[in-house]
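Q: Please take a close look at one part of this structure, the aromatic side chains. Which rings pair up, and how are they arranged?

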Amino acid sequence: MPRLLAIDCSSHVGFAFFASPTATPKLGTFKLPKSWAQENYGPRFKAFHDWLCDVVTTFEPEVLAFEGPFLPRGSSSFSSTEHTLRTLIGLASIAELIANLRNLRCFEVNVSTAKKRLTGDGRAQKNDMIIAATALGYEVANDHEADAIAVALTVFDMLEA
Amino acid sequence: MAERAKAKPKAAKGKVKGKAIAVLPKKSRGAKGKPGPGHNSGMHAVSDEVIGRHLDTLKAKKKALDKVVNDYKDDLDQARGVYRSARKLAKKEGVNLKAFDIMSELESEDMGHVQVNYADVARYQKITDSPLLQLEMFQGMLAPEPAVDVALQGQNAGKGGEPADNNPYPANTDDHVIWRENHQLGVKQATEALTRH
């Protein structure tokens, strides 16, 4: 099984690096710099780019997996703003770009698929994700790291099949 | 008993133990109400070179400090988050976290302090006729006897004029010897005090 780096892209980027599916993952959270103007995307994208390059250099993964940005599909309860969407799409694009530049196999995992893999419920809340990851023995510090674990487990399942 | 430190007596202005010391001439101190050279009230110009030098140092030191703080903060946030996650799982599986918090706090305290506090709680409940008293939680709790400093006890007895025969500790014990030796010290101190006056 390949060395896998899974990330949950948002203003707090949770990551989980697995040297192997059974190894204890290295977990952490990278906070993107805050910006006074929401539309000032550049500094955040640059910070994410630099951070991800460093992480890839440090851990040398063979696979990079990320949680796909959540896009509205006619749901009336959707509350993300245009700026949030643009940020999430931008982060996903950078992740894909770096995977390509570093010759890493790249996977995008749907939010619901990841949630279902970890909790059995595709609509699980943040708290449920943390509880499920902790119950499996992963020492996650927040829901972002729990999401990264879920992404990694989904990809491992897929590679095994 | 430890000796009490006394403040060093102030030397007279311009003198140290009878010797004259250099004092700034009145001119250099500036006119009355106005700052002289070296005063930091901002009433005289400081060169850009001096300020620039300090700013460089300050920036470098602040950067080093921020790095340490950030490294420490990341570790702290991670450890806190992992602890919070463990609490969430424990709560979901039926652990009473409030009881755990009380237990943790008590475990971090000295046993004697816990006993004293709980004995006091029982007493205050009794005084205020608290309905919680019916729980009989703290009824059997007795405050421990305060620790006795044998040396201080002997010294005070000697100072107070008690005879050496009043040694409360059985002969051939360490406490007996300590009490006797400090009793003698106390008697000596009392005698010295009397001769001074």
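A: Here is a walk through the aromatic pairs, followed by a glance at the chain contact. The model is a predicted one.

Start with the count. Over all chains, the rule gives eight aromatic pairs. Take A:Phe30 and A:Trp51. Their ring centres are 5.0 Å apart and their planes meet at 5 degrees, so this pair is stacked. The cut-off for stacking is under 30 degrees.

Now place the two residues. A:Phe30 belongs to strand S3 (residues 26-31) of chain A, and A:Trp51 belongs to helix H1 (residues 41-59) of chain A, so the pair ties together parts 21 residues apart in sequence. Both A:Phe30 and A:Trp51 are buried.

A second pair is A:Tyr41 with A:Phe45. It is stacked too, with 6.0 Å from centre to centre and 15 degrees between the planes. These residues are four apart in helix H1 of chain A, which means about one helical turn separates A:Tyr41 from A:Phe45. A:Tyr41 is buried, and A:Phe45 is buried as well.

Next comes a wider group. One aromatic cluster is formed by A:Phe15, A:Phe17, A:Phe30, A:Phe48, A:Trp51 and A:Phe59. The stacked rings of A:Phe30 and A:Trp51 are thus among its members.

Finally, the other chain. In chain B, 10 residues are in contact with 14 residues of chain A. The rule finds one salt bridge across this interface. The side chains of A:Lys31 and B:Asp77 form a salt bridge, at 2.9 Å from N to O.

Note on methods: Residues numbered from 1 in each chain as written. Chains lettered and ligands numbered in written order. Predicted model: local features only at pLDDT ≥ 70, side-chain atom pairs only at ≥ 80, totals over all residues. Heavy atoms only, no water. Contact = heavy atoms within 4.5 Å. Salt bridge = Lys/Arg side-chain N within 4 Å of Asp/Glu carboxyl O. Phe/Tyr/Trp six-rings, centres within 6.5 Å; stacked < 30°, edge-to-face > 60°. Helix = DSSP H or I, 4+ residues; strand = E, 2+ residues; numbered from the N terminus. Buried < 20%, exposed > 50% of the residue type's maximum accessible area, 1.4 Å probe, protein only.
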